[in-house]
Structures are given as C-alpha cells and as structure tokens.
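I opened this model to look up two things: how the protein chains meet, and what lies along the DNA.

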There are 2 protein chains.
Amino acid sequence: MASLATNDLLRAHPALFDRVRLAIMAHLSLAKKAVDFTSLLTELQLTRGNLSTHMKKLEEDGLVRIDKNFVGRKPRTTYLCTNKGRKAVQTYLTAVEAVLKSSL
Amino acid sequence: MASLATNDLLRAHPALFDRVRLAIMAHLSLAKKAVDFTSLLTELQLTRGNLSTHMKKLEEDGLVRIDKNFVGRKPRTTYLCTNKGRKAVQTYLTAVEAVLKSSL
DNA sequence: TCTAGACTGTTTGTATTACAAACAGGTTTG
DNA sequence: CAAACCTGTTTGTAATACAAACAGTCTAGA
C-alpha cells in the first residue's frame, strides 16, 4: 500500500503540478488582493501568451477569478485567488511537507 | 522579478514536474530498497503501460536503476532510487515548500 | 494627420508528452 | 494443448505547454 504522503500528493489538484501555475498560485495566495496581468508577467518572467493560457486554465478550474476593467482608457485584467484555490495550495503544501518529513 | 524560491523551483529536475513521476520517486526514495513493478502498479493505481514508460524515462534520466531478474521462472523487474534521484526529490520538495511558504 | 511604436492581452500553430490499448513472450491451468 | 494468466513493452492518440503571430487601443513625433 502506498504511503499516506504519496497518496496525498496524487490527490492534490492537477493544475498545481505545473511549475508555472504553482508559482502563479503562490503569488496570488500571498497577495490576498487582485494582482494584474503585467505584474505577474514581470514577476514570473513569462511570455504574455504563456501567462494568458495558464490563467485561463486556472480560471476554468475555479482556482482564480478573472476581473476585467479599465484604468483610464487602458484595459486591465486582474486575478484573484478563490477560496478553492487557496485550499488547493494548502492541500498541496501539506502533502509536500508530509513527504519531506517522512523522507528524513 | 522572480523570487528566489521560484528560481529554485525552476532549477529542479524536469522529470519531477509530472505528478505521477513525483509520486513514484517519492515512493522509491522512501522505500530505501528495490520496489518491483507490480507493487508500484497497485500502490499507485496506474496502468502497466503508463508505469512502464514513466520508469523508462526515470531510468534514462538516471534517477532510478532498473534491475531485471527471475523469481522462479517468472521475470521480475525492480526499481531502485539512485543517489541522484534522492537528491532530485529533496531539491524539488524543498523548492516547492519554499515557494509555498513564501505565500503564507 | 499619418505613421511608428508601445501597451493590452488572445488566438493559433507546433513540438512534446501522458496515457491506455494493443501487443508480445513466456507460464500456469484444466 | 488450448485457454487464461503473468510479465512488462510498444504504439497510436489526445492533451498540453509554449511562444509566435495576431488584434485592438493609445501615444509620440514628423
């Protein structure tokens, strides 16, 4: 039978098993407020296309909420970590910690 | 600018950015002994084809060693976590933990 | 007033890859 | 000996990560 730690790892949200999305979710859950597209872009050093598609997926999975508004005349897209997203990150962290501890 | 934690994550071994392989490696590094194909199969609930290709990749990357022998007349394949593999797992898990910690 | 360039992000094309179905070789069973 | 059962491997296909190309808007300069 698989160890508890390993099973928890497999049960964590699939979207978080990509390093870019994990980094995105980490930033968003830290912020506790909306973060805009450009900030994420420069912080994570991604291309716009790549970030755009990752955010779309995260929204589809309900881990973030996308808000679009205008600042002056310019479009501005911001992202907010949902409760579900925060929970997913927590679950993932817990699983990783469990593996870490049991491997000492 | 990307955080230090994020950079560490980017430097982790590419093979571990798949949840199944991560689970396999976590399992093998915890076992500290050879684990056979069938055990991994039932413990991780995978199909044979899927497990086979993942193990092949992990061997090619030097993270596991594959041993083949016979038990009675039946073939038996076992997998052993290499030092490189153990190191890779530690690096990955530590980096992930750092990223997530920075967001709490 | 044009024209070039910068700032929004999105859509598309491609190369990689995860996955299970199909396969193959030997073994046990009836 | 034929059928079912173990080993795992090879294969075809669907999904996906990524950046290039695209599209719309705004601003600056000649």
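My entries below take the chain interface, then the DNA strand.

**Entry 1, chains B and A.** I am working from a predicted model. I counted 28 residues of chain B in contact with 32 residues of chain A. The two chains bury about 2,800 Å² between them, with 67% of it on carbon and sulfur atoms. I then looked up the main contributors on chain B: B:Arg19, B:Leu30 and B:Leu100 supply 23% of the area that chain B buries against chain A, more than any other three residues.

**Entry 2, elements and classes.** On the side of chain B that touches chain A, I find two or more residues from each of α1 (4-11), α2 (19-31), α3 (37-44) and α5 (83-101) of chain B. α5(B) gives the largest share, nine residues. By class I get 17 nonpolar, six polar and five charged residues on that side. I searched this interface for salt bridges and found zero; polar contacts came to two residue pairs.

**Entry 3, DNA strand D.** I list 21 residues around DNA strand D, the closest being A:Arg21, A:His54, B:Arg48, B:Ser52 and B:Thr77. Of the strand's atoms within 4 Å of the protein, 67% belong to sugar and phosphate. The surface near strand D divides into three nonpolar, nine polar and nine charged residues. Its largest share, five residues, comes from α4(B).

**Entry 4, single contacts.** I noted a side-chain N or O atom of A:His54 at 2.9 Å from a phosphate oxygen of DNA strand D. For A:Lys57, the distance from a side-chain N or O atom to a phosphate oxygen of strand D is 3.0 Å. B:Pro75 places a backbone N or O atom 3.3 Å from a sugar or linking oxygen of strand D.

Methods: Residues numbered from 1 in each chain as written. Chains lettered and ligands numbered in written order. Predicted model: local features only at pLDDT ≥ 70, side-chain atom pairs only at ≥ 80, totals over all residues. Heavy atoms only, no water. Contact = heavy atoms within 4.5 Å. Buried area = accessible area lost by both parts, 1.4 Å probe. Salt bridge = Lys/Arg side-chain N within 4 Å of Asp/Glu carboxyl O. Polar contact = N/O pair within 3.5 Å; in protein donor to acceptor, adjacent residues only side chain to side chain. Helix = DSSP H or I, 4+ residues; strand = E, 2+ residues; numbered from the N terminus. Nonpolar A, V, L, I, M, F, W, Y, C, P; charged D, E, K, R; others polar. Near = heavy atom within 4 Å.
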